[in-house]
Amino acid sequence: TPVTRWDTYRRIRWQELDLPPTIAEGAPYVETSNPADQEETGSITRYGYYIRITEQVISNDDQGIVRTLPDRMGRALGRRRYRLLWDMLRSNPTIVSDSVALCNAAHANIVTSAFSYANMLTLMQQMRQQLAYSAGSGGDRAILACVPKSFVCSDTIYNTALEVMTFDTNPVTANRSASAIINKGTAPVSIYSVPYWDAASTTDRGFLLVDPVSGAAPMVEAL
């Protein structure tokens, strides 16, 4: 959702309604409670700089570097936006509404052991079993049944992720792997590497993301 204000902006999510009860023939409908809501807040941060260019610099520019500066600044801005996006995952921010980190055992969306085939299956199951924000309990709570779409990981485990999720056979050792089942379904998971995470001491980390087109809420599972 576009944000056009510089002050604190707010996003509200509403509670799912309980399952409706059975109504006997001729009986009146019963009133249910209004859905509760949770609020998340944020604000816009400005980034930028300028390069001082004098007439003398332009005159002495035998290599034509000055002409390339707008493109270079555009690429730098692109890298900044790229890192801002993935830093939101890497930093594991605290959620305002419950004061708990985004990826946390309390949210049932994290596996703390090393990346493996078994742990990927666990993450995918956690995603399918995620519950909606709801007043219900037990079987009455709405299960989102989210479909995993992408796995984003540090470059350190990218090759392993390819083997675990894509190949019938380890391309290096030629050993068969049970891992091939993950991406043989009707909705294969795309794999993306974020190389700068390794330089930022975020090695051996990955995030499984839901398909936003599926209609479910934004979802992330982490290891």
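Contact here means heavy atoms within 4.5 Å. The exercises below use that term for a predicted model.

**Exercise 1. Place Ile53 in the chain, list the residues it touches beyond its sequence neighbourhood, and decide whether it is buried, partly exposed or exposed.**

Step one is location: Ile53 sits in the loop that runs between strand E2 (37–42) and helix H1 (55–59). Step two is contacts: when residues up to four places away in sequence are set aside, Ile53 touches Ile58, Val66 and Leu69. For one of these partners, Val66, the C-alpha atom is separated from that of Ile53 by 8.3 Å, although the two residues are 13 residues apart along the chain. Step three is exposure: the relative accessibility of Ile53 is 37%, so the residue counts as partly exposed, because that class lies between the buried limit of under 20% and the exposed limit of over 50%.

**Exercise 2. Find which residues make the nonpolar surface patch that includes Ile53, and say where Met73 lies.**

The patch, of about 530 Å², is made by Tyr49, Ile51, Ile53, Val57, Ile58 and Met73. Of these, Ile58 was already met as a contact of Ile53. Met73 lies in helix H2, and with a relative accessibility of 30% it counts as partly exposed. As a background to the patch, the protein exposes about 15,100 Å², and carbon and sulfur atoms supply 52% of that area.

**Exercise 3. Describe the surroundings of His107, then compare its burial class with that of Ala108.**

Begin with the chain: His107 lies in the loop between strand E4 (100–101) and helix H3 (117–128), and Ala108 is found in the loop between E4 and H3 as well. Next, take the contacts of His107, which, leaving out residues up to four places away in sequence, are Ile95, Asp98, Val100, Ala101, Leu102 and Gln130. With one of them, Leu102, there is a polar approach, since the side chain of His107 reaches the backbone oxygen of Leu102 at 2.9 Å. Finally, consider exposure: His107 has a relative accessible area of 19% and is therefore buried, whereas Ala108, at 41%, is partly exposed.

**Exercise 4. Identify two residues other than glycine with a positive phi, and state where each is found.**

One is Ser99, whose phi is near 60 degrees; Ser99 is found in the loop between strand E3 (94–95) and E4, and its relative accessibility of 60% makes it exposed. Another is Ala108, with a positive phi of about 50 degrees, in the loop between E4 and H3.

**Exercise 5. Characterise the ring pair formed by Trp86 and Trp197, and work out which parts of the chain the pair links.**

The count of aromatic pairs comes to four. Trp86 and Trp197 form a pair with 6.4 Å centre to centre and 85 degrees between the planes, and the pair is edge-to-face, because planes over 60 degrees apart fall in that class. The pair links distant parts of the chain, given that Trp86 belongs to helix H2 (residues 65–90) and Trp197 to helix H5 (residues 196–199), 111 residues apart. Both rings belong to buried residues, as Trp86 has a relative accessible area of 15% and Trp197 has a relative accessibility of 0%. Ring pairs further link Trp86, Trp197 and Phe207 into a cluster.

Conventions: Residues numbered from 1 in each chain as written. Predicted model: local features only at pLDDT ≥ 70, side-chain atom pairs only at ≥ 80, totals over all residues. Heavy atoms only, no water. Helix = DSSP H or I, 4+ residues; strand = E, 2+ residues; numbered from the N terminus. Buried < 20%, exposed > 50% of the residue type's maximum accessible area, 1.4 Å probe, protein only. Polar contact = N/O pair within 3.5 Å; in protein donor to acceptor, adjacent residues only side chain to side chain. Phe/Tyr/Trp six-rings, centres within 6.5 Å; stacked < 30°, edge-to-face > 60°. Areas by Shrake-Rupley, 256 points an atom, 1.4 Å probe, with all protein chains shown as cover. Patch = residues over 30% accessible without salt bridge, like charges linked within 9 Å, V, L, I, M, F, W, Y side chains within 5 Å. Salt bridge = Lys/Arg side-chain N within 4 Å of Asp/Glu carboxyl O.
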